[in-house]
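The questions below go through one protein model residue by residue, and each answer closes on the value or name that was asked for.

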Amino acid sequence: MIYYRQKIDSFTETFEKCSVIVLLGENYSLLQKDAKKISDALAGKIADEEMRVNKYFNQEINEKRNEIITSLKTKSFFPGRQIIMLNELNEKGYKIITEIDAEWQNGDAITIVTMNALSKKSDVIKLLASSDRIAVVNYTGSKIDGDFFVKRLTDAGINFSGKEVLDVLIDFADFTPGNIIENEFEKLMLFKLYDDKPLSVDDFFNIVSINYEIKELSLAVALAERNVIELEKSLSAFFSYSKSPISILHFVSAYFYKLSVIKLYGPTSFEVRREYPFLIAHDLEKAKQHVNQWSLQQISRATDSLTASDLKLRKYPSLFQHSILTQCLHKILEI
């Protein structure tokens, strides 16, 4: 049977007679949360503590195929339903699902599988759904626009101050993986739980993790813009409070690699969205300008230089690290 997540109200009522429940979607965090909810609904919230939940991850699923099949009928010391969790099963490994279904009898462990969204040409969904005992839950993506966020904010009882807030939320969603969007929205909901004041842009930036440090970004921007004065100011500030040169270099490397990905795939591509640091709004616009100022060959030379300097920083004691980092960044200014 094929189900759509948005239409499921009761996990227990829907899945208690299934051999396998397959959750299909791109939002890893959401799939894991729902897998836990289903496990709790079918086996109870203490099933994990009572060792009635067996978990297998990714590559080990195929390696432990026989063990997984055997655990279908293996009884626990504690009474109650048993659960098998197969996390991040790849599309090629789908046959273990049909094998479990073929062996399964009423009272055996129920298997919960999380899988990334399948390719459009895949026939796996139809194959799995041909069994009355296999439930396939499809997590269809919602269009993330102003209407989407108005509904989410309204449902959460959060007021917001004007279109500017919506624009920032949309900007954030355009260049952020789905699981991070869900996590950050939950933080916004908690922040405004007992607060009737409208959500503002400042609230957003104070609460949401943009996943990069502002000061490190300022240094990377100064370097990309070949602004010697701002670069020296940033370095002096970092050195004054003993910021690790290695961590500074790693952020700069990530930023320049991000520029190369933007140049190759375009600023709105999935490849860019998933690549750290997750830039939004003004910061993304800056990065797009830098992409126009640097050729792919220049970016490649910069990342090569950063990689070589990383090896030097690890080789030499901290006494020399400030000098090595400074020399590396000044060398990139000349590219």
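Q: In which helix does Lys258 lie?
A: This is a predicted model, in which local features need pLDDT of at least 70 and side-chain atom pairs count only at pLDDT 80 or more, while totals for chains, interfaces and linings use all residues. Residues are numbered from 1 along each chain as its sequence is written, and side-chain values use heavy atoms, with hydrogens and water left out. Helices (DSSP runs of H or I, at least four residues) and strands (runs of E, at least two) are numbered from the N terminus, and Lys258 falls within residues 245-265, which make up helix α13.

Q: Is Lys258 buried or exposed?
A: The classes rest on relative accessible area with a 1.4 Å probe and protein chains only: buried is under 20%, exposed is over 50%, and partly exposed is in between. Contact means heavy atoms within 4.5 Å, and, leaving aside neighbours within four places in sequence, Lys258 is in contact with residues including Val272, Glu275 and Tyr276. Because its relative accessibility is 1%, Lys258 counts as buried.

Q: Which side chain joins that of Thr114 in a polar contact of 3.4 Å?
A: Thr114 is found in strand β5 (residues 110-115), and at 2% relative accessibility it counts as buried. Not counting residues up to four places away in sequence, Thr114 touches several residues, among them Leu23, Leu31, Gln32 and Ala35. A polar contact is a pair of N or O atoms within 3.5 Å, where within protein one must be able to donate a hydrogen and the other to accept it, and residues adjacent in sequence count only if both atoms are side-chain atoms. The side chain that makes this contact of 3.4 Å with Thr114 is that of Gln32.

Q: Which element gives the largest share of the largest nonpolar core?
A: A nonpolar core is a set of buried Ala, Val, Leu, Ile, Met, Phe, Trp, Tyr and Cys residues joined through side-chain atoms within 4.5 Å. The largest one has 37 residues, and those with the most contacts inside it are Tyr255, Phe256, Leu329 and Ile332. Elements that give two or more residues to this core include α11 (214-224), α12 (228-240) and α17 (321-333), but the largest share, 10 residues, comes from α13.

Q: How far apart are the closest N and O atoms of the salt bridge that Asp34 forms with Lys37?
A: A salt bridge is a side-chain nitrogen of Lys or Arg within 4 Å of a carboxyl oxygen of Asp or Glu. Asp34 and Lys37 both lie in helix α2 (residues 28-43), three residues apart, about one turn of the helix. Asp34 counts as buried at 2% relative accessibility, whereas Lys37 is partly exposed at 45%. In the salt bridge that joins them, the distance between the closest N and O atoms is 4.0 Å.

Q: How many residues apart are Asp101 and Arg133, whose side chains meet in a salt bridge?
A: The N to O distance in this salt bridge is 3.1 Å. The pair links distant parts of the chain, with Asp101 in helix α5 (residues 95-103) and Arg133 in the loop between α6 (124-129) and β6 (134-138). Asp101 is buried, with a relative accessible area of 11%, while Arg133 counts as partly exposed at 29%. Their separation in sequence is 32 residues.
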